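Me: Please take a close look at the spaces in this model and at what surrounds them. I would like one connected account.

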Amino acid sequence: MINKRESLSDIAYKKIENMIVFSKIPAGCIKTEKELSKQLDIGRMPVREAIIRLSLENAVRIIPYKGIYFPEIDLNEFFLQLETRRVLEALMAGKAAKFANSHEREELLTLGDQFRDAVLDNNVVLAMELDNDMNKCMEECCRNPFIGHALQPLYLSGRRLYYRNFYSNRQSTLDIAYAHRELAHAISKGDEDAAVNASNKNIDIIVQMTRSSIGTDIYKVNNL
């Protein structure tokens, strides 16, 4: 039997996450649980569970007696996340290249091509959906669910930054698209070393894109 409350909690989480990523909730604002529940048309308990989950990912901060605070992107924190992602994503890429079956290799190759095409077509929403699909496919391919569980809380800030830079930093978003395609091809061929190199290359591009964003007024930077 499906637990309806857990299902609604997942829906609330995804909706609030997308509102954060696509700037539907402005950084720096405070909302109450009641306001979010009404806005999402979802009960307060599932919303509360989603907010707790987001707070554990440092996406929101719960302020007692005031509400839920939606912070700016903290680049210092984001670079620490990238440091962690580099290790975990390289591990996942290598294991995916080793353990993926023929159907998964073909699926990942298709997703890599579709992601590149979405970026070339300037379709940021589709590109981000395909990026998420690639992550899920690789999590399955690597045969180690703990890698995916560890990575999941680290993606939200990256999605926010990617969305905000999609049009303003076109070269970096194109480079990320081709790095994803290179990663998909390496895994499809079962080349573990090439998969790890492509994964690291993707992180390098994200680091470069992030550093080029310093100085804009949409990020919080402390002693960087």
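Reply: A pocket here is an open set of points on a 1 Å grid over the protein atoms alone, with protein on both sides within 12 Å along at least five of seven lines; a cavity is a set of points where a 1.4 Å probe fits but cannot get out, and lining residues have an atom within 4 Å of a point. This is a predicted model, in which local features need pLDDT of at least 70 and side-chain atom pairs count only at pLDDT 80 or more, while totals for chains, interfaces and linings use all residues. Residues are numbered from 1 along each chain as its sequence is written, and side-chain values use heavy atoms, with hydrogens and water left out.

The largest pocket holds about 800 Å³ of space, a volume being the space filled by probe spheres set on grid points joined across faces, edges and corners. Its lining has 34 residues, and those nearest the centre are Met-128, Asp-131, Asn-132, Asn-135 and Arg-159. Two or more lining residues come from each of H1, helix H4 (75-99), helix H6 (124-141), helix H8 (156-165), helix H9 (170-188) and helix H10 (192-213). Helices (H or I, at least four residues) and strands (E, at least two) are DSSP runs numbered from the N terminus. The biggest contribution to this lining is from H6, with ten residues. By type, the pocket lining has 15 nonpolar, eight polar and eleven charged residues; Ala, Val, Leu, Ile, Met, Phe, Trp, Tyr, Cys and Pro count as nonpolar, Asp, Glu, Lys and Arg as charged, and the others, Gly among them, as polar.

The model also has one cavity of 30 Å³ or more. The largest cavity has a volume of about 30 Å³, and its lining consists of Ile-20, Ile-25, Ala-27, Ala-59, Phe-70, Pro-71 and Arg-160. Six of these lining residues are nonpolar, none is polar and one is charged.

Phe-70, one of the cavity-lining residues, leads on to the packing. Leaving aside neighbours within four places in sequence, Phe-70 is in contact (heavy atoms within 4.5 Å) with Ile-16, Ile-20, Ile-25, Pro-26, Ala-27, Gly-28, Cys-29, Lys-31, Leu-36 and Val-60. Phe-70, Phe-115 and Tyr-162 touch the most other members of the largest nonpolar core, which has 68 residues. H4 gives the most to this core, with nine residues. Such a core is a set of buried Ala, Val, Leu, Ile, Met, Phe, Trp, Tyr and Cys residues joined through side-chain atoms within 4.5 Å.

Pro-26, among the contacts of Phe-70, sits in the loop between helix H1 (4-21) and strand S1 (30-31). With a relative accessible area of 49%, Pro-26 is partly exposed; buried means under 20%, exposed over 50%, and partly exposed in between (1.4 Å probe, protein chains only). Pro-26 and the cavity-lining Pro-71 lie 45 residues apart in sequence, with their C-alpha atoms 8.7 Å apart. That loop between H1 and S1 also holds Ser-23, which is not a glycine yet has a positive phi of about 60°. Ser-23 is partly exposed, at 33% relative accessibility.

Asn-58 lies in the loop between helix H3 (44-56) and S2. Asn-58 too has a positive phi, near 60°, and is partly exposed at 44% relative accessibility.

S1 and S2 belong to an open, antiparallel sheet of three strands in the order S1-S3-S2. S1 and strand S2 (61-63) are its edge strands, each pairing on one side only. Strands pair if DSSP finds at least two bridges between them; S2 and strand S3 (residues 67-69) have three. One bridge joins Ile-63 to Gly-67 in S3.
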